[in-house]
Amino acid sequence: MAPQISQKPSDLKQPAMTSQSQGVHQLLQAEKRAKDKLEEAKKRKGKRLKQAKEEAMAEIDQYRMQRDKEFRLKQSKIMGSQSSLSEEIEEQTRGQIKELNGSYNKYVENVMNQLLSVVCDVKPEIHMNYRIVD
């Protein structure tokens, strides 16, 4: 009779279970590493987005200052030409006022004499529509 080797079914499954357990353990570790890398990538992406936003704001501020400077330059050119236009209009107005004052001084005496003669030189006459009622 051959010696019997007693092997229980659980003894046969032990090496296979250990191998499966190690495989699962390795998968869990790999998953954890992947998750950590993903979190790190998200953090880097967030930092980069924040940095890009700050850079964009700096560019916007610089562009705004440049456009504001250009605007002020154009405004000063236009205002300068407007002030020269207003000076020209004021000069024309002064010339017209001088001309009107000269005309007034020239004709004031004549007009006053005509006005006074009409008001003061009354010639009493009977109106043509007046009827004597008997």
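The structure holds 7 salt bridges. It is a predicted model, and the protein contains 1 helix and 0 strands. Three of the salt bridges are described below, together with a nonpolar patch on the surface.

**Overall make-up**

- The protein has 134 residues, and buried residues make up 0% of them.
- Its accessible surface comes to about 14000 Å².
- Carbon and sulfur atoms account for 57% of that accessible surface.
- Helix α1 covers residues 9–120.

**Salt bridge between lysine 32 and aspartate 36**

- Lysine 32 and aspartate 36 form a salt bridge, in which the closest N and O atoms are 3.5 Å apart.
- Both residues lie in helix α1, with their positions 4 residues apart in the numbering, about one turn of the helix.
- Lysine 32 has a relative accessible area of 53%, so it counts as exposed, the cut-off for exposed being over 50%.
- Aspartate 36 has a relative accessibility of 42%, and therefore counts as partly exposed.

**Salt bridge between arginine 67 and glutamate 70**

- The side chains of arginine 67 and glutamate 70 meet in a salt bridge, with 3.2 Å from N to O.
- Arginine 67 and glutamate 70 are separated by about one helical turn, because they are 3 residues apart in helix α1.
- Arginine 67 is partly exposed, because its relative accessibility is 44%.
- Glutamate 70 has a relative accessibility of 31%, so this residue is also classed as partly exposed.
- A value of 31% is not low enough for glutamate 70 to be buried, because buried means under 20% relative accessible area.

**Salt bridge between glutamate 90 and arginine 94, and its network**

- Glutamate 90 and arginine 94 are joined through their side chains by a salt bridge of 3.8 Å, N to O.
- This distance lets the pair count as a salt bridge, because the definition asks for a nitrogen within 4 Å of a carboxyl oxygen.
- The two residues are 4 residues apart in helix α1, so about one helical turn separates glutamate 90 from arginine 94.
- Glutamate 90 is partly exposed, because its relative accessibility is 46%.
- Arginine 94 is partly exposed as well, because its relative accessibility is 44%.
- Glu90, Glu91 and Arg94 belong to one network, joined by salt bridges that share partners.

**Nonpolar surface patch**

- Met112, Leu115, Val118 and Val119 form a nonpolar patch on the surface.
- Together, these four residues have about 410 Å² of accessible area.
- Valine 119, one of the patch residues, is placed in helix α1.
- Valine 119 counts as exposed, because its relative accessibility is 56%.
- That value also fits the rule for patch members, because patches are made of residues with over 30% relative accessible area.

Notes: Residues numbered from 1 in each chain as written. Predicted model: local features only at pLDDT ≥ 70, side-chain atom pairs only at ≥ 80, totals over all residues. Heavy atoms only, no water. Patch = residues over 30% accessible without salt bridge, like charges linked within 9 Å, V, L, I, M, F, W, Y side chains within 5 Å. Areas by Shrake-Rupley, 256 points an atom, 1.4 Å probe, with all protein chains shown as cover. Buried < 20%, exposed > 50% of the residue type's maximum accessible area, 1.4 Å probe, protein only.
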